Amino acid sequence: MRNQLLLICVSVCLTACGGSGGNNGNENTQPPGSSPVSPPDNNRLPNSPQARPDITFNEALIEDVEHFVTLAHSVQYFYPSEEVSASDWPLFIAESIVELSQTEETARSDKGIELLRQIAPYVTTQQDHLPTLEQQTQVMAWQQNAPFSQRFYERDLRSGNYASLSNQPYLPNNRYATLDYGQQRVYVPLYLPAQTQLTGDTFSQVGRWQLTENFEHPEICMATVSGMWAMIQHFWPYFHQVELNWTQSLKPLLNACTESDLTQRNTRIYSEFTKLNDNHLSIVLPDPQLPPFDYYMPFFFEIVEGKAIVTRTEQNNPSEIEIGDEIISIDGEAVQAYLQNRTASSFYNQLQGVNRVARMHFYQTSSTPVRYEIKKPDERVIQQTVTPLKSESSLNFSGLRYVPHSPDVLEPLGDNIYRINVYNVEQQALSSLKSQLADAKAVVLDMRHYPTSWQGWQGVLSWFIETDAVNNTLAHYWQGAPNQTDVQIQNLPQTIRIAQDALNIPAIALASRESQSQNEHALVFARAGGIKVLGEATSGINGEIFKADFFNFSDNLSRDSIFVFTNMLANRLNGDPLINAGVEIDIWVPRTIESVITHQDNQLEAAVEYLKAQLE
């Protein structure tokens, strides 16, 4: 969704969440910041790093690393202190993994707590080591709906007296969280006195082991992928809508980092994250061995009526493959199996994964020839071997795109029916566009592509909606404890009101499998305002994205992030899940094989027929 939210009225839903095991009861007479039983002193951070040792990552070590990083990320996001906030957690976790590898197996659990207490000294296995809280004790606590603050997301370390702070919205409902760590129970404070007996250090540089921040090193890889995993574990708002045990994905991610074949390593990592069904998801790992997509196949194919159909060909196509041909197999593998195997690590959801992988087959990384078995429209079967072409100049295609696209804003369709390509409408063009509709009797709103202007599509919809369009499908999830055991939901309603100079003529909206995010958000508004939607299942993801980096890898890749996911809940208009389902379609009209062969936009034709019926 475009990074803009307008006309937001906040409503708060406090959900009755279980399980972080707080003690909200009796007051006591301990001095502020003290504990009923004094905890042991914590060690200070060392500052004399030694040469990195050789490490063998056996099954036992991987399991201990899994337990440690799970606890460490809970401390990272929920232990309320300035030292925790300012520490370099990926680097700390990477160094700690090396330290655990040099620790006797039976002592690793205690070593992990010892390492964490250098930064967060009140991480403890004894509940009576937690600081006492009076109603007037000055405390700190996290108020957060994201791993850190960025546009539309907040993570703030709040301070105030406990009585006041604990009664404010979006702050923890419990004083501490109880977590399992190996065979131990660990307590992590969620409110921490501003003045305490013990203080932690800020981790900003290695002090035990000399590390190179190279993703090929297992400990750097593990710190990175566990950091990505933890952002999802503690903040991703879709676990109640996607059937997935995400805790079980951590160990495969850690094991992937021990894979010597970097391509296989990446595939294993991508496969775990693909299970999220989040079509916003993007991971770009620093891997100099991965070649760029500098080659292309001289044709596109898409899944049409359940078959792999060639939809467009490039002018330099040297093969006998033509528009309308069905691809039966690729390199000897049945095409559906070929696509499904690649979908598993594609980041695409189950709804649209095969469609998108089919489209992406156009892009190639080498000139290695590809063998195809092709069925012609007349049922003849031919074999073709096609060598990908080098991308050296602009390409020229014949054939209508599966999702048709126009450079124009307005197109007459005859009988005073017009097509507005809503994705091309800019805010500054609204007045001119409106004047060109003076004689319009009905309008097709083509919303099959991502819009260029938030204000543009909102302005267009305001002319045609039958009622004010209220969209209450978005929400922030504020997290008060690890593992989303204390969630407060902030609904984000938005409204598009009928324009004072509304046109009061029939309209219908077109949707496509490429309609995604803000595109789907606009379609929800259309339906909320009484406009029917014609087309086929949309992408199935909406909500603001969240961007993150690790070890400053994005700088080396000339990117602003290496990890992107959806951090805002977005539903269908009726409250059902939109993720992996898409916007409700009122009139189901997918593209057909016949329309591909004849270069006809059958969805547009169906929309015009609908409008003509409304005008009768």
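How many residues does helix H16 (residues 602-615) have, and how far does the helix reach from its first C-alpha to its last? In this predicted model, helix H16 has 14 residues and reaches 20 Å between those two atoms, which is close to the 20 Å expected at 1.5 Å a residue.

## Helix H16 and what covers it

Several residues of helix H16 are buried, namely Asn602, Gln603, Leu604, Ala607, Val608, Tyr610 and Leu611. To read such a list, it helps to recall that an α-helix has 3.6 residues a turn, so residues three or four places apart point the same way. The elements that cover the buried residues of H16 include strand S21 (417-421), strand S22 (442-446), S27, S28, S32 and helix H15 (593-597). The strands in this list also belong to a sheet, which is described next.

## The sheet of six strands

The sheet is an open one, formed by 6 strands in the order S20-S21-S22-S27-S28-S32, and its pairing is mixed. Its edge strands are strand S20 (410-412) and S32, each of which pairs on one side only. As background, strands of a sheet pair through backbone hydrogen bonds, either parallel or antiparallel.

At one edge, S20 and S21 pair in the antiparallel sense over 3 bridges, and within this pairing Glu411 has Arg419 in S21 as its bridge partner. Elsewhere in the sheet, strand S27 (residues 507-511) and strand S28 (residues 532-535) pair in the parallel sense over 4 bridges, with Leu534 in S28 as the bridge partner of Leu510. Strand S28 also pairs with strand S32 (residues 587-588), again in the parallel sense, over 2 bridges, and here the bridge partner of Leu534 is Ile587 in S32. Leu534 therefore serves as a bridge partner both to Leu510 and to Ile587, and following this residue is a helpful way to trace the order S27-S28-S32 in the sheet. The route from S27 to S28 can be described as well, since S27, helix H13 (residues 518-528) and S28 make a right-handed β-α-β unit.

## The disulfide

The structure holds 1 disulfide, which is formed by Cys221 and Cys257, with their sulfur atoms 2.0 Å apart. This pair links distant parts of the chain, because Cys221 is in helix H6 (residues 218-235), whereas Cys257 is in the loop between helix H7 (250-256) and helix H8 (262-274), 36 residues apart. The torsion about the S-S bond of Cys221 and Cys257 is about -70°, so the disulfide is left-handed.

Are the two cysteines buried or exposed? Cys221 counts as buried because its relative accessibility is 0%, and Cys257 likewise counts as buried, at 4% relative accessibility.

## Two buried residues and their contacts

Asp325 is found in the loop between strand S12 (307-314) and strand S13 (326-330). With a relative accessibility of 1%, Asp325 counts as buried, since buried means under 20% relative accessible area. The side chain of Asp325 makes a polar contact with the side chain of Lys376, at 2.8 Å. When its neighbours within four places in sequence are left aside, Asp325 is in contact with Ala308, Ile309, Val310, Glu320, Ile374, Lys375, Lys376 and Pro377.

Leu192 lies in strand S7 (residues 192-193), and this residue is buried, with a relative accessible area of 4%. Leaving aside neighbours within four places in sequence, the residues in contact with Leu192 include Tyr79, Pro80, Ser81, Tyr122, Pro131, Gln138, Val139 and Met140. For a sense of scale, Leu192 and Ile562 are 370 residues apart in sequence, and their C-alpha atoms are 33 Å apart in space.

## Two residues with positive phi

Which values of phi do Phe152 and Asn580 have? For Phe152 phi is near 75°, a positive value in a residue other than glycine, and for Asn580 phi is near 60°, which is also a positive value in a residue other than glycine.

Phe152 is found in the loop between strand S3 (138-144) and strand S4 (155-161), while Asn580 lies in the loop between strand S31 (569-570) and S32. Phe152 counts as partly exposed because its relative accessibility is 26%, and Asn580, at 22% relative accessibility, counts as partly exposed too.

How values were computed. Residues are numbered from 1 along each chain as its sequence is written. This is a predicted model: local features need pLDDT of at least 70, side-chain atom pairs count only at pLDDT 80 or more; totals for chains, interfaces and linings use all residues. Side-chain values use heavy atoms; hydrogens and water are left out. A disulfide is a pair of cysteine sulfur atoms within 2.5 Å. Buried means under 20% relative accessible area, exposed over 50%, partly exposed in between (1.4 Å probe, protein chains only). Two strands pair if DSSP finds at least two bridges between them. A crossover is right-handed if, with the strands pointing away from the viewer, the path from the first strand over the helix to the second runs clockwise. The expected span of a helix is 1.5 Å times one less than its number of residues. Contact means heavy atoms within 4.5 Å. A polar contact is a pair of N or O atoms within 3.5 Å; within protein, one must be able to donate a hydrogen and the other to accept it, and residues adjacent in sequence count only if both atoms are side-chain atoms.
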